[in-house]
Every structure is written in structure tokens, then in C-alpha cells.
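Okay, thanks for coming, everyone. I'll walk you through one structure today, so let me put it up on the screen.

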Amino acid sequence: MTVRIQTAPFDQAAELQALRAGRHDVGAIASFVGLCRDHHPGACAPGHVQAMELEHYPGMTEQAIQGMVAQAQARWPLLGVTVIHRVGPLLPGDDIVLVAVASAHRAAAFAACEFLMDYLKTQAPFWKKETTPEGGHWVDARESDDAALRRWGVASDNAA
């Protein structure tokens with residue numbers, strides 16, 4: 001298991017290669033890369049979000065994500081997991097998060113990857129501040145993210 005919080009960009013290809021290096025039992029790797037957008041579909045026009053800043057509690061955040069990974073490992077037969085989340089200032093188009101999951105079979109890899117992303121969006125201790133022409137503002141949790149987590153049988157009331 002690899003869990004890193006960092007300000008620097010990550011190399012997706014290198015991380016996927018490292019996840020399978022020396023392994024011949026890996027039959028599937030599912031991955032997700034989240035990007036910084038310049039808008040919220042339906043809420044504002046493209047270009048409205050000029051920047052984003054992510055904050056976290058060092059140590060606490062890594063521990064929370066490791067707990068999430070342990071839950072995924074208890075649900076699916078996983079052979080490896082990589083979670084990298086960036087913090088600090090980000091611009092539209094920048095990579096924010098990488099979740100990559102290795103398993104012998106694709107179903108487990110896909111499910112675990114989606115589970116981890118749903119968990120990260122609602123349970124990981126990150127705080128997001130967006131900069132728009134009106135100034136900076138903190139972004140609240142969304143009910144849709146809580147609903148995505150509930151389908152895995154995990155309750156969250158962040159958006160309440």
C-alpha cells in the first residue's frame with residue numbers, strides 16, 4: 001500500500017508501473033485521476049474557478065486514508081493500492097488525486113477504486129478553497145458525494 005500527500009505533481013505512468021513491478025499475479029489495474037476544473041457544471045461558466053487550494057492535517061490525513069484502504073482490502077481481494085493526493089495551490093488542469101488498485105481480476109479492481117474515490121470525497125480530512133472573480137471561498141460537501149458513499153453501506157452526513 002502506498003499513501004502519499006504531496007504538493008508536487010505525480011507521474012501516473014510511473015505510479016502504475018510501480019504498482020505492478022515484479023508481480024505476475026496482477027491481472028487488472030483500475031485507476032482514477034481527479035483533475036482541477038475551471039468551473040462547476042450547471043453552477044458557473046467555464047473559467048469561473050481560477051485556482052483551488054487544498055489543505056489537510058499532516059499525519060491525520062494519511063492515517064485516515066490508510067484506514068480507507070484497509071476497508072477496501074477487507075472487501076475485495078486486492079494485490080496493491082496506491083493513493084496520492086495533492087495539497088497546496090492548484091490550477092485548472094492540474095492533477096489532484098490518483099487512486100490505483102491492483103487485483104487478479106477487473107471486477108475487484110474497478111469496485112475498490114470507485115469505493116476509495118467515494119470515500120476520499122467524503123471522509124478524508126481535506127479542505128478545499130476556490131478562487132473565483134468574487135474572491136476565495138471554502139467549498140462545502142455535496143449531498144451527491146454522501147449518496148455515493150451510502151451505496152457502499154457507509155454513512156456520511158457531511159452535507160447535512
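Let's start in the middle, with Val 99. Leaving out residues up to four places away in sequence, Val 99 touches Ala 30, Ser 31, Phe 32, Thr 82, Val 83, Cys 113, Leu 116, Met 117 and Leu 120. Please keep in mind that this is a predicted model.

So what is Val 99 part of? The largest nonpolar core has 34 residues, and Val 99 is among those with the most contacts inside it, along with Ile 65, Trp 76, Val 101, Leu 116 and Leu 120. Which elements feed that core with two or more residues each? On the strand side they are E1 (2-6), E2 (28-35), E3 (51-56), E4 (78-86) and E6 (95-103), and on the helix side H2 (60-75) and H3 (106-123). The biggest giver is H3, with 10 residues.

Let me step back for a second. The protein has 4 helices and 8 strands, and from the N terminus the order is β-α-β-β-α-β-β-β-α-β-β-α. It has 160 residues, of which 42% count as buried. If you take contacts between residues at least 6 apart in sequence, 72% of them join residues at least 24 apart.

Back to the strands around Val 99. E4 and E6 run antiparallel and are joined by 7 bridges, and the bridge partner of Val 83 in E6 is our Val 99. E4 also pairs with E1, this time in the parallel sense, over 5 bridges. In that pairing, Arg 4 stands opposite Ile 84 of E4. How much of E4 is buried? It's 8 of its 9 residues, so E4 is largely enclosed by the rest of the structure.

Here's one for those of you who like charged side chains. Glu 15 sits in helix H1, residues 12-20. Is Glu 15 buried or exposed? Its relative accessibility is 13%, which counts as buried. Not counting residues up to four places away in sequence, Glu 15 touches Arg 4, Thr 82, Ile 84 and Leu 98. You've met Arg 4 and Ile 84 already, as the two that stand opposite each other.

Now helix H3. How well does its length fit what you'd expect? With 18 residues at 1.5 Å a residue, H3 should span 26 Å, and its end C-alpha atoms are 25 Å apart, which agrees. The buried residues of H3 are Ala 108, Ala 109, Ala 111, Ala 112, Cys 113, Phe 115, Leu 116, Met 117, Asp 118, Tyr 119, Leu 120 and Thr 122. Cys 113, Leu 116, Met 117 and Leu 120 were in the contact list of Val 99.

Two residues in H3 deserve another look, and that takes us to the aromatics. By centre distance, there are 3 aromatic pairs in total. One is Tyr 57 with Trp 127: the ring centres are 5.1 Å apart and the planes are at 80°, so this pair is edge-to-face. Tyr 57 is in the loop between E3 and H2, while Trp 127 is in strand E7, so the pair ties together parts that are 70 residues apart in sequence. Tyr 57 is partly exposed at 49% relative accessibility, and Trp 127 is partly exposed too, with a relative accessible area of 37%.

Then there's Phe 115 with Tyr 119, again edge-to-face, at 5.4 Å centre to centre and 70° between the planes. These two are 4 residues apart in H3, so about one helical turn separates them. As a reminder of the general rule, an α-helix has 3.6 residues a turn, so residues three or four places apart point the same way. Phe 115 is buried, at 0% relative accessible area, and Tyr 119 is buried as well, at 10%. Together with Trp 76, they form one aromatic cluster. Trp 76 should ring a bell from the list of well-connected core residues.

Last stop is the open sheet. It has 4 strands, in the order E5-E3-E7-E8, with antiparallel pairing. At the edges are E5 (88-90) and E8 (135-138), each pairing on one side only. From one strand to the next, the twist averages 25°. E7, residues 126-132, pairs with E8 over 4 bridges, and there Glu 130 stands opposite His 137 of E8. E7 is also the strand that holds Trp 127, the partner of Tyr 57.

That's the tour, and I'm happy to go back to any part of it.

How values were computed:
Residues are numbered from 1 along each chain as its sequence is written. Side-chain values use heavy atoms; hydrogens and water are left out. Two strands pair if DSSP finds at least two bridges between them. Axes are lines fitted to C-alpha atoms, for helices over the stretch in contact, and angles run from 0 to 180 degrees between N-to-C directions. A nonpolar core is a set of buried Ala, Val, Leu, Ile, Met, Phe, Trp, Tyr and Cys residues joined through side-chain atoms within 4.5 Å. Buried means under 20% relative accessible area, exposed over 50%, partly exposed in between (1.4 Å probe, protein chains only). Contact means heavy atoms within 4.5 Å. The expected span of a helix is 1.5 Å times one less than its number of residues. Rings of Phe, Tyr and Trp (its six-membered ring) pair if their centres lie within 6.5 Å; planes under 30 degrees apart count as stacked, over 60 as edge-to-face and the rest as tilted.
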